[in-house]
Amino acid sequence: MNADVIIVGAGAAGIAAAIELQSTNLTFVILEARDRIGGRAYTDRETFAPARVDLGASWIHSYGPQNILYSFHQSLKSEDTERRIGGTQLCLDYDGKRFSHEAMFQARDIYLQIDEHIESYRSSKEAEEDQSIQQIMQEIYDRLVPNNGPVKRLVDLYLSSSEQYDAADFAQLSGKQWGVGAADGGDFWVPSGYGNLLERIAEKHNLPIELNTLVTRIDTTDPERIEITTSNNSSKIHCRRVIITIPLGCLKHETITFQPPLPDWKRQAIDQMGMGLMNKLIIKFPVCFWNENVACFVHACNERRGRFRFALCLPPPENILIFLVTGSFAHELEVLSDTETIEQIMKFLRQIFPEKTIPDPTHYRLTRWAHDPLSYGSYSYFSVNTGPHTIELLARETSDGRVQWAGEHANVDDGIHQWSYGCVHSAFQSGQRAAKNIQSQLCTS
Ligand SMILES: Cc1cc2nc3c(=O)[nH]c(=O)nc-3n(C[C@H](O)[C@H](O)[C@H](O)COP(=O)(O)OP(=O)(O)OC[C@H]3O[C@@H](n4cnc5c(N)ncnc54)[C@H](O)[C@@H]3O)c2cc1C
């Protein structure tokens, strides 16, 4: 199986690269280690059937013409109703009680002052040295936030939404990159599944994909041809160009050996960029014991800006709660058994709905993205001292342009679409860019 171009990975970036190459006369194949496509956009159709639940991405962020995936979704959306998650939000204190208006007002005011403080650090030219969000806000937090009580819990809850979004703790997140590259605009929850959408896009384009093919080594020492070794093939694959779209977590774990080794600047960028962790704890109940008009609830807590702080509620007949857990708490849960985690969740639910009799779940699925050897995490974030310049290095070609890099962590601004990182559409955009680079190298007369 030799080809002009080999694409490693059939997630959003690999699929986009392949679609782009279809407009050329180059031969190409995608090599994918899993027995399915979509990577971190994966819809589970079995566990909660007939309901479909995404184990990875579920929202098309910045949904609109500025999003590269918008037109793909519009052309294929026949399966999707217009249901959007994000209606009524229930805000609960640690014991399940509602907050007073006064506490909410006070907490909001304090939160805005902290936010403004971080924002002024970010935009200040004097702030030469980067610091973590935790360091930047520590002094103003200690000064403004009471030591305990509902206002403290609420400020923590408001602050937690940024940690939630970046899938990392404030102690890891760069202050200089506060809010940089965050998806802007409305989010569209894909009812039929974001993973399912990627599958339909790939099917429509009839892409050549070899599943169950783990790439283990890429050798570029021969200037005439690149040699690729896979786990299921004793003979080597040869190509002229390769597009690598494996997750940042896999690059950090050096799951592919490069010969010659990657240049220092690339290795450093890989090491420095953060790989966040978001897991989904998806639980189905025999009855809906919460108010079925509530689309999600957020929960304030005395510890660490919240534990089970955000849950999406899928109403009857689905009766499903989807907890999104992130950062260090998500890492801690990953090493527990399913039974231990479910016990924690049930204890939590019985605490916040004390007046309800809550039945045991009928089905559940808990993701462990940090332990997935084909991902090693959920999506990238800006750790201290990284920024768009780090992404530029992650995206920069190597081996005289014969090796191209793509993925959610390697999306540079194309000057056309709104720039973002960490998202499915960022990955898609990066794949198109990598393929276009190859096209301009090999397809000019
Ligand atoms: C829980 C969770 C929630 C998320 N929520 C959202 C959301 O709502 N909206 C959003 O836009 N984004 C979200 N994301 C992020 C989004 O899923 C990713 O940014 C995006 O899917 C990454 O696409 P990619 O092509 O860069 O990588 P991937 O999708 O990971 O694709 C890389 C592929 O490479 C394969 N691979 C790895 N190693 C090898 C190898 N050695 N040989 C061959 N194949 C290999 C992998 O199996 C994988 O299929 C979420 C992610 C998670 C985990």
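This tour visits a pair of helices and then a group of strands.

The model is predicted: local features need pLDDT of at least 70, side-chain atom pairs count only at pLDDT 80 or more, and totals for chains, interfaces and linings use all residues. Residues are numbered from 1 along each chain as its sequence is written, and side-chain values use heavy atoms, without hydrogens or water.

**Stop one: two helices**

Select residues 12-21, helix H1, and residues 424-442, helix H12. Helices (H or I, at least four residues) and strands (E, at least two) are DSSP runs, numbered from the N terminus. The two axes come within 7 Å and cross at roughly 40°. Axes are lines fitted to C-alpha atoms, for helices over the stretch in contact, and angles run from 0 to 180 degrees between N-to-C directions. H1 is therefore oblique to H12 (not under 35 degrees, over 145, or 65 to 115).

Now show side chains. In H1, the residues in contact (heavy atoms within 4.5 Å) include Ile 15, Ile 19 and Leu 21. Across from them, H12 offers Phe 428, Gly 431 and Lys 436, among others. By class, this contact has 11 nonpolar, 4 polar and 2 charged residues. Gly counts as polar, Lys as charged, and Ile, Leu and Phe as nonpolar.

**Stop two: three strands**

Select strand E9, residues 215-219, with strand E10, residues 226-230. They run antiparallel, joined by 4 bridges. Strands pair if DSSP finds at least two bridges between them. E9 and E10 form a hairpin, with 6 residues between them. Click Arg 217: its bridge partner in E10 is Thr 229.

Add strand E12, residues 257-259. E9 pairs with E12 in the parallel sense, over 3 bridges. Finish at Asp 219, which stands opposite Gln 259 in E12.
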